[in-house]
Amino acid sequence: MHAAPAPLKLAFLGCGFITAVHSRHLKALEADVVRGYASRDAARADDYCRRFGGAFRHASYEAAIDDPEIDAVVVAVPPRFHLDLTLRALRAGKHVLVEKPAFLRLEDYELVRDVRNETGRVVLVGENDHYKPLAVSLRSLISSGVIGEMVFAHFTTVAHRLKAADDWRNDESMAGGDAFFEEGIHWLHLAGSLGPRLVDVHGFRPSVSTQGPDKRAKSMMVAFRYDNDAVGALYYSREIPSLLRGLRLSKLFGREGVITFESNGTFIVVRGRNGMRLVLPGYRDIRGYKAMYRDFVGAIREQRAPEMSLERAIEDQRLMDRIYETAGPAVGRGSSASPSRT
């Protein structure tokens with residue numbers, strides 16, 4: 001009879017909103033993960049330990065990285081700091097889960113890949129949308145051929161969620177780019193993770209509103225083609241009110257049927273070869289965080305690549321670069337061009 005493996009000792013680098021989100025989901029994996037918290041503010045690390053049942057805390061990121069008892073770190077700070085912390089952690093022998101967008105430039109990903117290969121550590125890019133039940137269900141439906149050959153794909157994610165003036169996402173030197181770069185990359189990945197791969201993309205950006213405290217470009221439309229010659233579009237915005245303050249419908253069209261799904265993952269309606277049916281992907285891990293951490297722990301224990309590897313994230317980054325190249329500069333209504341990812 002084999003003894004259960006020792007739990008992974010995991011330190012969060014950063015004690016902000018996203019660390020709180022991760023921590024709430026990690027409660028279900030307490031047998032596999034012992035977590036702690038590191039912050040530049042010792043009192044904040046103490047607070048997160050108390051609130052989320054942490055087993056240890058560090059008063060700096062460097063102290064956590066240099067602690068020989070720590071197996072892995074989660075880089076959960078603004079994207080500007082991801083590269084340096086990831087490289088330092090890898091060179092200290094730690095496995096790394098880095099929040100997405102992981103890095104600002106393609107060459108950053110390639111540098112991290114080289115250091116990962118040198119150190120033999122696991123790097124997982126924190127694309128939780130890859131693991132959520134909606135994505136898993138859509139991949140299964142597409143591969144089963146329930147709608148036949150795919151023709152069109154239509155993804156909609158619109159919401160009125162403006163950032164305050166002092167939010168770090170308003171500073172492109174911290175976030176790496178505008179709203180689509182910082183958050184829309186999750187939806188770009190979803191569009192490209194269904195089985196068919198995106199092979200050509202083109203960005204179209206409306207004029208940028210200069211009203212209010214959120215000065216970022218907040219909307220993007222992406223037209224694309226898959227490797228099976230299906231075509232589609234992604235409509236992304238964080239300045240447009242959505243139905244019932246959150247309900248958004250997306251569709252996949254095939255020559256033998258249509259898949260309609262609520263973009264957040266609450267339900268899927270399939271009208272295909274065998275009539276119509278309702279699919280409920282699941283609510284217990286609706287955002288995919290538990291599955292993501294199970295993959296991270298499994299990749300470390302089994303010495304394998306995680307599903308959301310650097311190589312997969314590099315594919316997304318290449319697409320993102322192409323979108324901004326084709327979209328051109330963000331232009332405010334009545335203003336000069338803004339440097340959003342140009």
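These are my notebook entries on salt bridges, aromatic pairs, one lone arginine and some strand pairing in this structure.

**Entry 1: before starting**

I am working from a predicted model. I keep that in mind for everything below.

**Entry 2: salt bridges**

I began with charged pairs. How many salt bridges does a search of the whole structure find? My search came back with 25. I picked out a few to look at by eye.

I went to Asp47 and Arg50, whose side chains meet in a salt bridge at 3.6 Å, N to O. This one is local: both residues sit in helix α2 (residues 42-52), three residues apart, about one turn of the helix. I then checked how each end faces solvent. Asp47 has 24% relative accessibility, so I put it down as partly exposed. Arg50 comes out at 61%, which makes it exposed.

Next I took Glu315 and Arg197, which form a salt bridge at 2.5 Å, N to O. Which parts of the chain does this pair link? I found Glu315 in helix α10 (residues 310-327) and Arg197 in the loop between α8 (179-192) and β8 (198-204), so I noted a link between distant parts of the chain, 118 residues apart. Glu315 is partly exposed at 31% relative accessibility. Arg197 is partly exposed too, with a relative accessible area of 34%.

The third pair I opened was Asp295 with Arg304, a salt bridge at 2.9 Å, N to O. Buried or exposed, I asked of Asp295? At 6% relative accessibility it counts as buried. Its partner Arg304, at 31%, counts as partly exposed.

I also followed shared partners from bridge to bridge. Lys100, Glu127, Arg197, Arg312, Glu315 and Asp316 come together in one network this way. My second pair, Glu315 and Arg197, is therefore part of that network, given that both names are in the list.

**Entry 3: a buried arginine**

I looked up Arg139, which is in helix α6 (residues 133-144). It is buried yet has no salt bridge. Which side chain of opposite charge is nearest to Arg139? I found Glu307, at 4.8 Å. A salt bridge needs the nitrogen within 4 Å of a carboxyl oxygen, so I could not count this pair as one. I then listed what Arg139 touches, leaving aside neighbours within four places in sequence: His130, Ser193 and Leu194.

**Entry 4: aromatic rings**

I turned to the rings and found 11 aromatic pairs in the structure. For Phe155 and Phe261 I got ring centres 6.1 Å apart and planes at 65°, so I logged the pair as edge-to-face. Phe155 is in strand β7 and Phe261 in strand β12 (residues 257-262), so this pair ties together parts 106 residues apart in sequence. I checked burial for the two, and both Phe155 and Phe261 are buried.

How are the rings of Phe224 and Tyr226 set against each other? Their centres are 5.4 Å apart and their planes meet at 80°, so this pair is edge-to-face. Phe224 and Tyr226 are both buried.

I also noted one aromatic cluster made of Phe12, Tyr37, Tyr48 and Phe52. Tyr48 has a charge above it as well: Arg51 lies over the ring face, 4.9 Å from the ring centre. I found a similar arrangement at Trp187, where Lys132 lies over the face at 5.1 Å from the ring centre.

**Entry 5: strand β7 and its partners**

I came back to β7, the strand that carries Phe155. In which sense does β7 pair with strand β11 (residues 249-254)? The pairing is antiparallel, over four bridges. I looked for one of the matches and found Met150 bridged to Gly254 in β11. With strand β10 (residues 231-237), β7 pairs in the parallel sense over seven bridges. There I saw Phe152 standing opposite Val231 in β10.

**Entry 6: the loop after β7**

My last stop was Asp166, in the loop between β7 (150-158) and α7 (172-175). With 71% relative accessibility, Asp166 counts as exposed. How far is Asp166 from Pro213, going by C-alpha atoms? I have 8.5 Å between them, with 47 residues separating the two along the chain.

Key:
Residues are numbered from 1 along each chain as its sequence is written. This is a predicted model: local features need pLDDT of at least 70, side-chain atom pairs count only at pLDDT 80 or more; totals for chains, interfaces and linings use all residues. Side-chain values use heavy atoms; hydrogens and water are left out. Helices (H or I, at least four residues) and strands (E, at least two) are DSSP runs, numbered from the N terminus. Buried means under 20% relative accessible area, exposed over 50%, partly exposed in between (1.4 Å probe, protein chains only). Rings of Phe, Tyr and Trp (its six-membered ring) pair if their centres lie within 6.5 Å; planes under 30 degrees apart count as stacked, over 60 as edge-to-face and the rest as tilted. A charge sits over a ring if NZ of Lys or CZ of Arg is within 6 Å of the ring centre and within 35 degrees of the ring normal. Lys and Arg count as positive and Asp and Glu as negative; His and the chain ends are not counted. Contact means heavy atoms within 4.5 Å. Two strands pair if DSSP finds at least two bridges between them.
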